[in-house]
Amino acid sequence: MTKIYLTPKLTTVLPGHGKTTDYLHRFKLREEATCICGNEDQTMDHIIFKCIKTKGQRDILKHRINKKNKLQDYKKRINNQVQKSVNRIYRINRL
Ligand SMILES: [Zn+2]
């Protein structure tokens with residue numbers, strides 16, 4: 001299990017209370033809710049999943065997650081192979 005370290009920024013992003021234009025617009029601190037990309041309102045979901053301005057960061061994150069998953073799969077395969085080898089040794093030696 002991976003431990004997540006909470007930071008002030010993360011605790012505002014998770015419930016969608018970050019300083020997005022959509023959030024500021026709801027509290028009448030900004031005239032428009034539209035994102036700087038001009039495609040739709042700037043919600044946290046838009047920034048994280050859709051915005052073309054954050055695509056580069058999104059791609060880097062996806063790459064890192066895929067790389068980590070591949071490493072975990074590799075470790076599982078190695079662990080399974082070690083377990084099989086140990087079982088085989090136990091069977092051969094009738095331990
Ligand atoms: Zn956008």
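**Exercise 1.** In this predicted model, find what span helix H4 (residues 55-93) should have, and compare it with the distance between its end C-alpha atoms.

*Solution.* Step 1: helix H4 has 39 residues. Step 2: the expected span is 1.5 Å times one less than the number of residues, so H4 should span 57 Å. Step 3: the end C-alpha atoms of H4 are 57 Å apart, which agrees with the expected value.

**Exercise 2.** State how many residues of H4 are buried, and describe phi of the residue that follows the helix.

*Solution.* Step 1: a residue is buried if 20 or more other C-beta atoms lie within 10 Å of its own. Step 2: among the 39 residues of H4 the count of buried residues is zero, and the helix is hardly covered. Step 3: Arg94 comes after H4 and has a positive phi, near 50°.

**Exercise 3.** Locate Lys28 and decide whether Lys28 is buried or exposed.

*Solution.* Step 1: Lys28 sits in the loop between helix H2 (21-26) and helix H3 (44-50). Step 2: a residue is exposed if 12 or fewer other C-beta atoms lie within 10 Å of its own. Step 3: Lys28 has 7 C-beta neighbours inside 10 Å, so Lys28 counts as exposed. Step 4: phi of Lys28 is positive, near 60°. Most residues other than glycine have a negative phi.

**Exercise 4.** Compare the radius of gyration of the protein with that of a compact globule of 95 residues.

*Solution.* Step 1: such a globule would have a value near 12 Å. Step 2: the protein has 23 Å. Step 3: the C-alpha trace spans about 80 × 25 × 15 Å along its principal axes. Step 4: the C-alpha centres of domain 1 and domain 2 are 36 Å apart.

How values were computed. Residues are numbered from 1 along each chain as its sequence is written. This is a predicted model: local features need pLDDT of at least 70, side-chain atom pairs count only at pLDDT 80 or more; totals for chains, interfaces and linings use all residues. Helices (H or I, at least four residues) and strands (E, at least two) are DSSP runs, numbered from the N terminus. Domain bounds come from an automatic or database domain assignment. The radius of gyration is taken over C-alpha atoms; the globule rule is 2.2 Å times the number of residues to the power 0.38.
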